[in-house]
Amino acid sequence: MKHRLLLLLVTLFFTACTSNTVELADPDMKTSAKDIATVLIAVDGDKERAIRHLVIGSNEAPLDYELYFHEKKISEGFIAVKIPAPSSNIILKEYSLSGHYGCSRGKAGYGSGSKSISKILPGKSYFLGTINTDMNTVYNEMPAKLMTEAKSKYNYTPHGEDIEKKQHFKSHIAL
C-alpha cells in the first residue's frame, strides 16, 4: 500500500510539472532551435471579433497545448506558435472568439480545424489553417495577403492546399 501511495504521489508531482502551454514565436527571431518548430495559424476577418483561446493537439502532448489571449486578442495576421519538435499529427482542436456578444461558439461548442500536419521537424515552419473570425470557421488555405509575411518573417514557403484557390467562371450564353 505504501508503494502504491508513493507511486501515485510521484506520478502526480511529475504530471503537475509537465507544461501543456506553448509560447508564441517571435517573428524577429528565426526558428532554429534544435527542438522547436513554428506552426502558423492565420487569422482573417473584419476585426470585430478576435481569437480568445486556442488548443493545439499532437500525439506527443496528451494534455494538448493551450494558448489564452487575455490582454491582446489576435484579430488579423498570424498566430505563430512554438511547438516541441519532432511532433506528429498536429491539429487545431479548439478555438474561441471574443466579440460583441462575448464568446462565439461553433457547432461543437467552440470552433475547430480540420487540417492535420502529419509530422513537424525542428527548425521548420508549418501552416495549420486560417481562422475566419467573421464566419467562425477554419479553412486550409492561407490568405494571399499573408503569403509575403509568411515567407519573410517565418521562412515559410506556401505549397499545395495552403495556396488560396481562385476559380473563374465563364458565362456561356447562346444567342
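User: What does Glu76 count as, going by its relative accessibility?
Analyst: Quick heads-up: this is a predicted model, where local features need pLDDT of at least 70, side-chain atom pairs count only at pLDDT 80 or more, and totals for chains, interfaces and linings use all residues. Residues are numbered from 1 along each chain as its sequence is written, and side-chain values use heavy atoms, leaving out hydrogens and water. Buried means under 20% relative accessible area, exposed over 50%, and partly exposed in between (1.4 Å probe, protein chains only). Glu76 has a relative accessibility of 46%, so Glu76 counts as partly exposed.

User: Which residue does Glu76 meet in a salt bridge?
Analyst: A salt bridge here is a side-chain nitrogen of Lys or Arg within 4 Å of a carboxyl oxygen of Asp or Glu. For Glu76, the N to O distance is 3.1 Å, and the partner is Lys47.

User: How many residues apart in sequence are the parts that Glu76 and Lys47 tie together?
Analyst: Strands are DSSP runs of E with at least two residues, helices are runs of H or I with at least four, and both are numbered from the N terminus. Glu76 and Lys47 join in a salt bridge. Glu76 sits in the loop between strands S4 (61-68) and S5 (77-84), and Lys47 in the loop between strands S2 (36-44) and S3 (50-58), so the number of residues that separate the tied parts in sequence is 29.

User: In the salt bridge of Lys93 with Asp64, which strand holds Asp64?
Analyst: The closest N and O atoms of Lys93 and Asp64 are 3.3 Å apart. Lys93 belongs to strand S6 (residues 87-99), and its partner Asp64 belongs to strand S4.

User: Is Asp64 buried or exposed?
Analyst: Its partner Lys93 has a relative accessible area of 42%, so Lys93 is partly exposed. Asp64 has 15% relative accessibility, so Asp64 counts as buried.

User: How far apart are the closest N and O atoms in the salt bridge of Lys115 with Asp162?
Analyst: Both of these residues, Lys115 and Asp162, are buried. The closest N and O atoms of their salt bridge are separated by 2.4 Å.

User: Where does Asp162 lie?
Analyst: Asp162 forms that salt bridge with Lys115. Lys115 is in the loop between strands S7 (102-104) and S8 (116-120), so the pair bridges parts 47 residues apart in sequence, with Asp162 in the segment after helix H2 (147-154).

User: Which elements give two or more residues to the largest nonpolar core?
Analyst: A nonpolar core is a set of buried Ala, Val, Leu, Ile, Met, Phe, Trp, Tyr and Cys residues joined through side-chain atoms within 4.5 Å. The largest one has 26 residues, and those touching the most other members are Ile51, Leu54, Ile56, Ile79, Leu92, Ile120 and Ile131. Two or more residues each come from S2, S3, S4, S5, S6, S8 and S9.

User: How many residues are in the second, separate core?
Analyst: The largest core holds 26 residues. The second is separate, and its members include Leu40, Ala80, Phe127 and Ala150, out of a total of eleven.

User: What share of the contacts with a separation of 6 or more comes from residues 24 or more positions apart?
Analyst: The chain has two helices and ten strands, ordered α-β-β-β-β-β-β-β-β-β-β-α from the N terminus. A contact means heavy atoms within 4.5 Å. Among contacts with a separation of 6 or more, the share from residues 24 or more positions apart is 72%.
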